[in-house]
Amino acid sequence: MIDRDQVLHVASLARLQLSDVEIDTMTSELSNVLDHIEKIRELDLEGVPPTTHVIDVVNALRADEPEPCLPVDVVLAAAPEPVSGGFGVPSPVA
Amino acid sequence: MDSVTSLIELTATGAAERVRAREIEPAELFDVYRSRAAGDDLNAFTWVADGPPTPGPAPDAPLGGVPLAVKDLFCTEGVPSQAGSRILEGYRPPYTATVVANLMRAGAPLLGKTNQDEFAMGSSNENSAFGPVLNPWDRSRVPGGSSGGSAAAVAAGLAPWAIGTDTGGSIRQPAALCGIVGLKPTYGACSRYGMIAFASSLDQAGPLTRDVTDAALLLRHMVGRDRLDSTSIEFPGEIELPHAEDLAGIRLGVPEELAGDGIDPGVLESFKATLKLAEGLGARIESCRLPHAAHALSAYYLIAPAEASANLARFDGVRYGLRVDADELTEMYSRTRAAGFGAEVKRRIMLGTYALSSGYYDAYYGTAQKVRTKIADDFADAFATFDFIVTPTSPWTAFKLGSKVADPYAMYLNDICTVPMPLAGLPAISIPSGLSAGLPVGFQLAGPAFSESRMLSSAYALERAIGFDGSPARR
C-alpha cells in the first residue's frame with residue numbers, strides 16, 4: 001500500500017510534476033503493483049548476501065590519462081540553452 | 001519468383017554469402033530493403049536511411065553489406081536516437097554506440113532505427129511516444145516489446161536482421177510473438193556504451209533475426225570488451241556458427257515453476273511438442289526446480305525501476321532533449337519531466353524512487369538483491385545437472401492491441417519466463433516453435449554464462465527439426 005501523501009513525497013524526490021488525476025491513478029496503480037511485489041518480503045533471506053554484480057569481474061581499472069574528447073560545440077549542439085560554452089539553466093533560487 | 005521476392009526470402013547469412021560470391025551487389029540489396037522499410041505500414045521504423053553509406057562496405061566484409069535495423073535507443077551519430085520518448089524527440093547524438101559501430105565496421109550498414117516501448121519499458125510496444133507497432137502476423141495484435149519494432153521489421157521482411165536490447169525479456173518476448181529468433185547474451189558480452197540506459201545491471205544488446213545462424217553471425221560481431229564500458233568482458237573464444245545435427249547427450253531441464261500454471265494451453269502444447277522433437281534428436285529431458293523463480297518477477301520489478309529512476313535522472317532539460325521553461329530550476333526539471341515522459345515511464349520512476357527512498361531501501365531494493373542471489377544459486381544448481389533450462393518464452397501469444405494497457409501488473413506478467421535469466425546475468429535464446437491459432441509461439445533455452453555457442457548449436461538442431469515457416473508474415 002502507498003497513500004497519496006507518499007506519492008506526492010516520492011514525486012518530489014523524482015522531480016516529477018503530477019496532475020491531480022495522475023496522483024490518484026498513481027496511488028492506486030502503485031498500491032496494486034506493490035501488493036504483488038511485497039510477497040518477496042515473506043522469504044527467509046537471513047544471511048543471504050545481496051548480488052552486487054552478476055558476472056565475476058575484478059575491478060576494471062585504467063591509467064587516468066587525458067585523452068581527446070568531443071569538441072564543446074558538438075556537445076552543446078543538442079542543448080536547449082547553450083550559454084558561452086556551457087549549459088544554461090534557470091536560477092536555482094526562486 | 002521475381003528477383004525482389006527471392007532476395008527477401010534469403011536469410012541475412014544467405015544474402016551475405018551471395019554478396020561475397022559477387023552474385024548480388026550490396027547497393028542493390030540495400031535499395032530493396034530501404035524501399036521496403038520506407039514503405040513500412042507496421043510503424044516498425046522511426047527513421048529510415050536515405051541511401052546506402054558511402055563508401056560502402058568492403059566486398060569481403062564478414063557481414064556482406066547486409067543492412068541492419070537498430071533499436072531506437074542505440075545512439076547513432078547524427079541520426080535520431082529517441083528511445084521511443086517524447087523527451088528525446090529529434091535528438092541526434094554526437095557519437096555511435098559501440099555495438100552498432102562494431103557491426104557497421106563488420107559490414108552491416110544502418111538501414112533504419114526501430115520503434116520501441118519508451119526507454120525499453122513495456123512488453124507490447126504500446127508505450128512508444130511514436131505510436132504502437134503492429135504485429136505482421138495479425139495487425140490487430142501487438143508485436144511484443146520492448147524491441148517490438150526490431151522484431152516486427154525482421155518478421156515482415158522489412159529488414160534482413162536487427163538488434164535490440166533485453167532487460168527482462170525485451171528481445172526474447174517480441175521475437176517469440178513475431179515468430180523470429182531473439183538472443184540475450186551473457187551480461188557483459190556486449191558493450192553497453194551508447195545504449196540509452198534503462199537498468200544498467202540487466203541491460204544487454206542482442207540480435208533479432210530470421211534464424212539461428214543469422215543470430216550467431218550477428219552476435220559474433222557484436223561481442224567484445226570495450227574500454228568505454230567497464231562492465232564489458234572479452235568473450236571467451238569466437239561465437240561459432242551452428243551446425244549440430246542432433247541433441248545427442250544434451251540434458252534439458254524443464255522448470256516446474258515456469259512451464260505449467262499461468263501458461264496458455266496453446267503455448268504449452270507447442271512447448272511440449274518441441275520437447276518431443278528434442279527427445280527424438282537425442283536430448284534427455286527431465287523436470288527440475290528453480291525454487292525462487294516465482295519471486296523473480298517481484299525482484300525484477302523492484303530492481304529495474306530502481307535503476308531506471310537513477311538512470312532517467314539525466315533527462316532534466318539541461319543537456320539535450322525537451323525543456324519546458326520555468327523561472328526556477330527545480331520547477332523546470334519537474335515540468336520538463338512531466339511533459340516528456342509517458343505514463344509507464346512515470347510509473348516506473350515512481351516505483352523505483354519509492355523502493356530506494358529512505359526507510360524502504362532495505363525492505364525493497366535490499367531484499368530484491370538478495371532474491372537475485374537465490375535465483376542465481378538456483379540456476380547454478382540446475383546447471384550442475386542440465387546443459388540448458390527450457391521454457392516457453394512468453395506465457396501467451398501476441399495479444400490484442402489495448403487489451404492489457406489498463407492493468408500494469410497484468411502487462412508485467414508477460415515477463416514471467418524471461419526475467420529470471422537477466423537477474424542471474426545468463427544468456428537465453430527464443431526460437432519459434434510453431435503456431436497456436438495462427439500466431440507464433442516461442443521456445444526458450446537458457447544456459448550458463450558464456451555458453452552462447454553451445455546454446456546456438458542446440459537451438460539450430462531444434463530449429464531444423466521444427467521447420468517453422470515464417471514466410472506468411474513477409475507477404
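1. Let's start where the two chains meet. In this predicted model, 16 residue pairs are in polar contact across the interface of chain B and chain A, with both partners at pLDDT 80 or more. Four salt bridges are also found across that interface. One salt bridge you can look up right away joins the side chains of B:R323 and A:E81, at 2.5 Å from N to O.

2. Next, the extent of that chain-to-chain interface. Chain B brings 63 residues to the contact and chain A brings 51. Between them the two chains bury about 4,900 Å², and 71% of this lies on carbon and sulfur atoms. If you want residues to click on within chain B, try B:M350, B:Y354 and B:Y409: these lose the most area to chain A, together 14% of what the chain B side buries.

3. Now to the inside of chain B. The domain assignment splits out domain 1, covering 3–241 + 454–474, and domain 2, covering 294–367. Note that domain 1 is written as two segments of chain B. The C-alpha centres of domain 1 and domain 2 of chain B are 28 Å apart. Their contact involves 19 residues of domain 1 and 21 residues of domain 2.

4. How much area do domain 1 and domain 2 of chain B bury between them? The figure is about 1,600 Å², with 66% of it on carbon and sulfur atoms. Three residues deserve a look here: B:I87, B:M121 and B:F198 supply 39% of the area that domain 1 buries against domain 2, more than any other three residues.

5. The polar side of this domain interface is worth a comment too. Zero salt bridges are found across the interface of domain 1 and domain 2 of chain B, while nine residue pairs are in polar contact there, both members at pLDDT 80 or more. On the side of domain 1 that touches domain 2, the residues divide into ten nonpolar, seven polar and two charged.

6. Finally, a word on cysteines. A disulfide is a covalent bond between the sulfur atoms of two cysteines. Over all chains, the structure holds zero disulfides. Why is B:C178 without such a bond? The closest cysteine sulfur, in B:C417, is 18 Å from the sulfur of B:C178, which is too far for a bond. B:C178 also counts as buried, because its relative accessibility is 1%, under the 20% cut-off.

7. B:C417 is likewise in no disulfide; its nearest cysteine sulfur belongs to B:C288 and is 13 Å away. Is B:C417 buried or exposed? B:C417 is buried, with a relative accessible area of 0%.

Note on methods:
Residues are numbered from 1 along each chain as its sequence is written. Chains are lettered from A and ligands numbered from 1 in the order in which they are written. This is a predicted model: local features need pLDDT of at least 70, side-chain atom pairs count only at pLDDT 80 or more; totals for chains, interfaces and linings use all residues. Side-chain values use heavy atoms; hydrogens and water are left out. Domain bounds come from an automatic or database domain assignment. Contact means heavy atoms within 4.5 Å. Buried area is the accessible area (1.4 Å probe) that two parts lose on being put together, summed over both. A polar contact is a pair of N or O atoms within 3.5 Å; within protein, one must be able to donate a hydrogen and the other to accept it, and residues adjacent in sequence count only if both atoms are side-chain atoms. Ala, Val, Leu, Ile, Met, Phe, Trp, Tyr, Cys and Pro count as nonpolar, Asp, Glu, Lys and Arg as charged, and the others, Gly among them, as polar. A disulfide is a pair of cysteine sulfur atoms within 2.5 Å. Buried means under 20% relative accessible area, exposed over 50%, partly exposed in between (1.4 Å probe, protein chains only).
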